[in-house]
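Me: I'd like to go through this model and ask why each label is used. Could you check every label against its cut-off for me?

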Amino acid sequence: MNDYEMFLKSGNNACQSLVNRITKKINGTKRVTADEIRTLVNEGMKKIAVKHGEVFDTEPRYHIQARIDKAMRCAGYQEVFSY
């Protein structure tokens, strides 16, 4: 399992589910824009924050964004987030 540096395993699982959903969309047949991806990440993080407020801390946010960027690069897109 990937570690997003959340307080609980359920928080890590929620982050991984978010990354999996967005990666599936990135690898789908329809091209997506960087704005769409940013919106999906932000909306997903807001949902996770209901139970796991630490998702907006620096480390979990970085891990989510880094994994999304990696998926984007692997699919032939440019990076979405700048660090």
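Me: Which residues are exposed on the other side of α1, away from its buried residues?
Reply: On that side, K9, R21 and K24 are exposed. "Exposed" is a relative accessible area over 50%, "buried" is under 20%, and "partly exposed" is in between (1.4 Å probe, protein chains only). This is a predicted model, where local features need pLDDT of at least 70 and side-chain atom pairs count only at pLDDT 80 or more, while totals for chains, interfaces and linings use all residues. Residues are numbered from 1 along each chain as its sequence is written, and side-chain values use heavy atoms, leaving out hydrogens and water.

Me: How do you know that the length of α1 fits a helix?
Reply: Helices here are DSSP runs (H or I, at least four residues), numbered from the N terminus. The expected span is 1.5 Å times one less than the number of residues. For the 18 residues of α1 (residues 9-26) that comes to 26 Å, and the end C-alpha atoms are 26 Å apart, so the two agree.

Me: And what makes the buried residues of α1 one face?
Reply: Start with who they are: G11, N12, C15, Q16, L18, V19, I22 and I26. Looking down the axis of α1, they fall within an arc of 155 degrees, so they line one face of the helix. That arc is taken from the directions from the helix axis to the C-beta atoms. These residues pack against α2 (34-49) and α3 (58-74).

Me: How do you know whether α1 and α2 are parallel or antiparallel?
Reply: Two packed helices are described by the angle between their axes and the distance between the axes. For α1 and α2, the angle is about 160 degrees, with the axes 10 Å apart. (Axes are lines fitted to C-alpha atoms, for helices over the stretch in contact, and angles run from 0 to 180 degrees between N-to-C directions.) Under 35 degrees counts as roughly parallel, over 145 as roughly antiparallel, 65 to 115 as roughly perpendicular, and the rest as oblique. α1 and α2 are therefore roughly antiparallel.

Me: Which residues of α1 and α2 meet there?
Reply: A14, C15, L18, I22, K25 and I26 from α1 meet I37, L40, V41, G44, M45 and I48 from α2. Contact here means heavy atoms within 4.5 Å.

Me: Why are α1 and α3 described differently from that pair?
Reply: Their axes cross at roughly 20 degrees and come within 10 Å. α1 and α3 are therefore roughly parallel to each other. On the α1 side the contact is made by C15, L18, V19, I22, T23 and I26, and on the α3 side by I64, R67, I68, A71 and M72.

Me: What about α2 and α3, at which angle do they cross?
Reply: At roughly 150 degrees, with axes coming within 12 Å. I37, V41 and M45 in α2 meet R61, I64, I68 and M72 in α3.

Me: What makes the buried residues of α2 a face, and what sits opposite?
Reply: The buried ones are I37, V41, G44, M45 and I48. Seen down the axis of α2, they fall within an arc of 100 degrees, so they line one face. Turned away from that side are the exposed residues D35, K46 and K47. What covers the buried residues includes α1 and α3.

Me: Which residues of α3 are buried, and what covers them?
Reply: P60, H63, I64, Q65, I68, D69, A71 and M72 are buried in α3. Their cover includes α1 and α2.

Me: Back to labels: why do K51 and H52 get the labels they have?
Reply: Both sit in the loop between α2 and α3. K51 has 74% relative accessibility, so K51 counts as exposed. H52 has 9%, so H52 counts as buried. Leaving aside neighbours within four places in sequence, H52 is in contact with M6, L8, S10 and G11. The C-alpha atoms of K51 and S10 are separated by 9.3 Å, although these residues are 41 residues apart along the chain.

Me: And why is E5 neither buried nor exposed?
Reply: E5, in the segment before α1, has a relative accessible area of 42%, so E5 counts as partly exposed. Its phi is near 60 degrees, a positive value in a residue other than glycine.

Definitions and conventions:
Helix = DSSP H or I, 4+ residues; strand = E, 2+ residues; numbered from the N terminus.
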